Amino acid sequence: MFLAIVLVIIAIGSVIFHIWTPWWATEIASNWGSIDDAISITFWITGVAYVVIILFMAYCIWRYRYRPDRRADYEPENNKLEWWLTWVTAAGVVGLLTPGLLAWNDFVTVPEDATELEVVGKQWEWNYRLPGKDGKLGTTSIKFINDDNPFGINPKDPNGKDDVLIEGDDLHLPMDQPVKFLLRSIDVLHDFYVPEFRAKMDLVPGMVTFFWLTPIRTGKFDVLCAELCGVGHHVMRSTVVVDDKAGYQKWLSGQETFATLYPKAADATQVAQKKSASGKAIR
Ligand SMILES: [Cu+2]
């Protein structure tokens with residue numbers, strides 16, 4: 001009896017804690033309401049199952065408690081019960097999977113009018129690269145990475161010269177404009193996560209991952225690293241500022257490009273000379 005009461009208290013306590021929880025989701029700042037909906041549906045399905053199973057356990061403990069005059073029945077088959085268990089479980093699993101799969105399909109289907117930007121993660125800071133006036137990001141390779149070219153931009157690619165580089169500083173985004181994030185890591189696994197955007201994605205060394213979003217309100221939001229990436233993981237922070245169109249243009253015009261920040265590395269002829277002088281191939 002005592003155990004049955006404890007189980008009922010756990011079930012009721014969990015529901016009360018949910019209503020009075022001190023942990024609330026932050027106000028959403030992107031188009032990804034469908035991700036919030038998927039989480040809510042998951043919560044309701046698993047929450048109802050949790051309460052029902054705990055109360056059922058409490059009921060069974062009380063109803064079938066030991067009595068010397070009672071014997072257990074042998075009942076290996078019960079088609080009706082199996083039918084219910086199978087189909088209720090199947091409906092639950094479909095309900096858990098469907099909203100997430102639909103949201104994921106949107107998450108990786110980038111709209112045509114999205115502008116690109118690159119997030120470069122390294123132990124333990126966030127750097128960003130935006131296309132310059134040409135609207136194109138220059139190609140990159142790890143073989144170009146050095147102190148004069150921390151992003152590894154190809155010096156022979158004309159598209160890279162005007163790329164805007166943001167090193168360890170705030171990233172700004174214009175409101176209501178879809179953005180495709182291209183994510184790259186130059187050392188270990190990281191994960192770009194802005195809770196208010198409801199969006200996160202791993203940065204995997206050796207490949208470029210992506211996702212997209214449209215910021216729907218202005219404000220200042222924390223960027224966190226959501227993948228344990230070494231002793232500095234907890235300080236791998238940055239800030240995203242969502243501006244109105246005018247504010248964004250003003251910020252953008254004050255930023256440095258690859259050519260202005262690293263004139264030596266951005267000069268393809270210099271690289272060619274260096275190649276012949278040292279004999280080392282820098283392609
Ligand atoms: Cu990290």
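1. Let's start with a sheet. Five strands form an open sheet here, and their order across it is 4-10-9-6-7, with mixed pairing. Strand 4 (171-174) and strand 7 (199-203) are at its edges; each has a single partner strand, so one side of each lacks a neighbour in the sheet. From one strand to the next, the twist averages 25°. Please keep in mind throughout that this is a predicted model.

2. Now look at one pair in that sheet. Strand 4 and strand 10 run parallel, and four bridges join them. For a landmark, find Leu173, which stands opposite Val242 in strand 10. Helix 4 (residues 245-253) packs on the sheet and touches both strand 4 and strand 10. The direction of helix 4 makes about 145° with that of strand 4. As background, strands of a sheet pair through backbone hydrogen bonds, and the pairing can be parallel or antiparallel.

3. There is another open sheet to find. Its five strands have the order 3-2-1-5-8, again with mixed pairing. Which strands stand at the edges? They are strand 3 (164-167) and strand 8 (209-213), each with a single partner strand, so one side of each is left without a neighbour in the sheet. Neighbouring strands of this sheet are turned by 20° against each other on average, direction ignored.

4. Strand 5 (residues 179-185) and strand 8 give you an antiparallel pair, joined by five bridges. A handy place to look is Val179, whose bridge partner in strand 8 is Leu213.

5. Next comes the metal. Which protein atoms are the donors of the copper ion? They are ND1 of His190 and SD of Met236, together with the SG atoms of Cys225 and Cys229, lying 2.0 to 2.5 Å from the ion. The angles among these four donor atoms are 89 to 129°, and the site is tetrahedral. For reference, the ideal angle for four tetrahedral donors is 109.5 degrees.

6. Try tracing the donors along the chain: their spacing in sequence is H-x34-C-x3-C-x6-M. His190 and Cys229 link distant parts of the chain, as they are 39 residues apart. His190 belongs to strand 6 (residues 190-194), while Cys229 sits in the loop between strand 9 (219-225) and strand 10 (238-243).

7. Are these two donors buried or exposed? Buried means under 20% relative accessible area. His190 has 0% relative accessibility, so it counts as buried. Cys229, with a relative accessible area of 4%, is buried too.

Note on methods. Residues are numbered from 1 along each chain as its sequence is written. This is a predicted model: local features need pLDDT of at least 70, side-chain atom pairs count only at pLDDT 80 or more; totals for chains, interfaces and linings use all residues. Side-chain values use heavy atoms; hydrogens and water are left out. Donors are N, O and S atoms within 2.8 Å of the metal (3.2 Å for Na, K and Ca); water is not among the atoms, so sites may look incomplete. Four donors count as tetrahedral if all angles lie between 85 and 135 degrees; four count as square planar and six as octahedral if opposite donors are over 155 degrees apart and all others between 65 and 115; anything else is irregular. Helices (H or I, at least four residues) and strands (E, at least two) are DSSP runs, numbered from the N terminus. Buried means under 20% relative accessible area, exposed over 50%, partly exposed in between (1.4 Å probe, protein chains only). Two strands pair if DSSP finds at least two bridges between them. Axes are lines fitted to C-alpha atoms, for helices over the stretch in contact, and angles run from 0 to 180 degrees between N-to-C directions. Contact means heavy atoms within 4.5 Å.
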